[in-house]
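Reader: I have a structure to go through before a group discussion. Could you take me through its main features?

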Amino acid sequence: MRKVLVTGSSGRIGQAFFTTYQERYEFLLTDLKEPVQPIPGPHRFVQSDLSDANAADALCRGVDAVVHLAGIPSPDAEFEDVLPANILATTFLIEAARKAKVSRFVFASSAQTIEGYPVDRQIAPGMAVAPANLYGVSKCYGEALCSLYATRHGMSCVSLRIGAFEPADGPPLETKRDLSAWLSHRDATHLIDRAIQAEINGNFIAHGISNNRFKRLDLTETCKVLGYAPKDDAFSTFPIPSD
């Protein structure tokens with residue numbers, strides 16, 4: 001079994017990924033918050049603050065892959081919030097992964113990296129980033145950091161531009177834009193698994209949405225490179241708003 005370090009493991013995506021794939025991987029889970037449920041063996045949980053420059057080194061030793069989900073996810077976050085949680089933590093973690101010779105670094109980026117584009121424009125691979133808030137800027141930084149480490153240090157990195165991660169049985173999504181960027185729990189966990197397993201050299205930026213009838217982000221390259229096969233469609237799952 002591959003040993004996978006998951007940061008932000010007490011968050012919604014982290015919990016969903018661990019629950020779905022705990023029979024496939026040996027997990028080392030870490031977060032600022034303790035998990036709600038006890039973690040069964042052989043998996044372990046270590047409470048840590050990744051904005052501490054010394055916290056990541058021990059976590060990365062002996063790990064095959066890092067899935068970096070930790071961070072402030074709010075589009076309304078201020079600089080003093082994203083600096084430690086999104087910028088410093090990512091910087092320290094990828095450096096620790098490099099030193100530990102981790103074979104795959106998966107970074108949870110966001111569709112907020114391209115939110116500055118008009119909502120009726122589909123985002124194709126290779127388009128320039130266009131963040132509309134500091135949270136998006138911090139995710140652009142993480143993507144650039146992955147590119148740097150792939151180029152300079154030969155690391156294999158995958159950035160996942162995660163869209164609107166909401167449960168299918170939750171409240172209706174408010175806009176057609178949210179429907180077009182929806183990422184279901186099932187597709188999210190499958191996407192992370194493919195980001196770990198796919199044969200990739202260097203750096204790759206993947207689009208993290210479901211198989212929605214109208215797609216904010218083009219999935220063609222992501223499906224081809226990662227072997228991603230999303231199943232869910234927001235326009236069949238939620239009521240369609242009038243906007």
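Author: Certainly, and one definition will help with the charged pairs: a salt bridge is a side-chain nitrogen of Lys or Arg within 4 Å of a carboxyl oxygen of Asp or Glu. Please note that this is a predicted model. In it, the side chains of Glu95 and Arg98 form such a bridge, at 2.7 Å from N to O.

Reader: Where do Glu95 and Arg98 sit relative to each other?

Author: Both belong to helix H3 (residues 79-99); because they are three residues apart there, about one helical turn separates them.

Reader: Is Glu95 buried or exposed? And what about Arg98?

Author: Glu95 is partly exposed, at a relative accessible area of 23%. Arg98 is also partly exposed, with 29% relative accessibility.

Reader: How many salt bridges does the structure hold?

Author: There are nine salt bridges. One of them joins the side chains of Arg24 and Asp193, with 2.8 Å from N to O. That pair links distant parts of the chain, 169 residues apart: Arg24 is in the loop between helix H1 (12-21) and strand E2 (26-31), and Asp193 is in helix H6 (residues 185-197).

Reader: Which class of exposure does each partner fall into, Arg24 and Asp193?

Author: Arg24 counts as partly exposed, at 42% relative accessibility. Asp193 is buried, because its relative accessible area of 4% falls under the 20% cut-off.

Reader: What does Arg186 pair with?

Author: The side chain of Arg186 meets that of Asp232 in a salt bridge of 2.5 Å, N to O. Arg186 lies in helix H6 and Asp232 in the loop between helix H7 (220-226) and helix H8 (234-237), so this bridge ties together parts 46 residues apart in sequence. Asp232 is buried, with 16% relative accessible area. Separately, a network of salt bridges links Glu115, Arg177 and Asp178.

Reader: Let us turn to the sheet. What is the strand order?

Author: The order is E3-E2-E1-E4-E5-E6-E9, in an open sheet of seven strands with parallel pairing. Strand E3 (44-47) and E9 are at the edges; each has a single partner strand, so one side of each lacks a neighbour in the sheet. On average, neighbouring strands are turned by 20 degrees against each other, direction ignored.

Reader: How many bridges join E5 to E6?

Author: Six bridges join these parallel strands. Ala108 stands opposite Leu160 in E6.

Reader: Which strands does H1 lie across?

Author: H1 lies across E1, E2 and E6, and runs at about 165 degrees to E2. Helix H4 (residues 134-153) also packs on the sheet, where it touches E5, E6 and E9; its direction makes about 155 degrees with that of E5.

Reader: And the interior: which residues touch the most other members of the largest nonpolar core?

Author: They are Phe27, Leu160, Ile196 and Leu226, in a core of 41 residues. Elements giving two or more residues to this core include strand E1 (3-7), H1, E2, strand E4 (65-68) and H6. Apart from that core lies another, of 22 residues, among them Ala97, Phe107, Met155 and Cys157.

Reader: Which residues does Leu226 touch?

Author: Leaving aside residues up to four places away in sequence, Leu226 touches Val158, Leu160, Leu191, Arg194, Ala195, Ala198, Ile200, Phe204 and Ala206.

How values were computed:
Residues are numbered from 1 along each chain as its sequence is written. This is a predicted model: local features need pLDDT of at least 70, side-chain atom pairs count only at pLDDT 80 or more; totals for chains, interfaces and linings use all residues. Side-chain values use heavy atoms; hydrogens and water are left out. Helices (H or I, at least four residues) and strands (E, at least two) are DSSP runs, numbered from the N terminus. Buried means under 20% relative accessible area, exposed over 50%, partly exposed in between (1.4 Å probe, protein chains only). A nonpolar core is a set of buried Ala, Val, Leu, Ile, Met, Phe, Trp, Tyr and Cys residues joined through side-chain atoms within 4.5 Å. Contact means heavy atoms within 4.5 Å. Two strands pair if DSSP finds at least two bridges between them. Axes are lines fitted to C-alpha atoms, for helices over the stretch in contact, and angles run from 0 to 180 degrees between N-to-C directions.
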